[in-house]
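User: Hi! I would like to learn how to read a protein structure, one feature at a time. Could you walk me through one?

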Amino acid sequence: ALSVGLILNELVTNSLKYAFPDNRKGSIGITLERKNGDIIIEVSDDGIGTPSDFAIENSKGLGMSLVNLLTKQINGNLIKANINNGTLFRVRFPYIKAIP
C-alpha cells in the first residue's frame with residue numbers, strides 16, 4: 001500500500017506542477033478498479049500534455065524515476081498516453097489478497 005500511495009502522490013504532484021502553467025485551470029482525475037485479477041490505477045489531467053518525445057523509461061526526473069521503480073517493485077507496469085491535450089498515466093499490478 002505504501003508503494004501505491006507514493007506512486008499516486010508523485011503522479012498527482014506532477015500534474016499539479018506541469019499540466020497547468022500560467023495559472024491555467026483544469027482537472028485531475030484518479031480512478032481505481034480491480035479487473036481480471038489486477039488493480040488498475042489511472043491518474044489523468046486535461047492540461048498541456050507531455051512533450052512528444054517524453055518516455056517514462058528515459059525520464060531524468062527524480063519523481064518519474066521513483067514512479068517507475070515503485071511500479072516495478074509491485075510487479076506492475078506503467079504506461080503514459082496523451083489524451084485530449086492532457087496526460088494519462090496507468091499503473092497496472094497484480095491483486096494480492098491481504099491475509100486477515
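Analyst: Happy to; we will go through the sheet, the helices, two loop residues and a pocket.
Analyst: This is a predicted model, where local features need pLDDT of at least 70 and side-chain atom pairs count only at pLDDT 80 or more, while totals for chains, interfaces and linings use all residues. Residues are numbered from 1 along each chain as its sequence is written, and side-chain values use heavy atoms, leaving out hydrogens and water.

User: How are the strands of the sheet ordered?

Analyst: In general, strands of a sheet pair through backbone hydrogen bonds, either parallel or antiparallel. Strands (E, at least two residues) and helices (H or I, at least four) are DSSP runs numbered from the N terminus, and two strands pair if DSSP finds at least two bridges between them. Here four strands form an open sheet in the order β1-β2-β4-β3, with antiparallel pairing. β1 and β3 are the edge strands, each pairing on one side only. Between β2 and β4 (residues 86–94) there are eight bridges, and Ile39 has Phe93 in β4 as its bridge partner.

User: Which strands does helix α1 lie across?

Analyst: Contact means heavy atoms within 4.5 Å. Axes are lines fitted to C-alpha atoms, for helices over the stretch in contact, and angles run from 0 to 180 degrees between N-to-C directions. Helix α1 (residues 2–19) lies across β1, β2 and β4, at about 15° to β2. Helix α2 lies across β3 and β4, at about 135° to β3.

User: What is the phi of Asn36?

Analyst: Most residues other than glycine have a negative phi. Asn36 has a positive one, near 50°, and sits in the loop between β1 (28–35) and β2 (38–45). Asn75 also has a positive phi, about 60°, in the loop between α2 (62–73) and β3 (77–83).

User: Is Asn36 buried or exposed?

Analyst: Buried means under 20% relative accessible area, exposed over 50%, and partly exposed in between (1.4 Å probe, protein chains only). Asn36 counts as exposed because its relative accessibility is 70%. Asn75 is exposed too, at 60%.

User: Which element gives the most to the lining of the largest pocket?

Analyst: On a 1 Å grid over the protein atoms alone, a pocket is an open set of points where a 1.4 Å probe fits, with protein on both sides within 12 Å along at least five of seven lines; lining residues have an atom within 4 Å of a point. Here α1 gives the most, with seven residues. Of the 19 lining residues, the closest to the centre are Asn14, Tyr18, Thr50, Phe54 and Met64.
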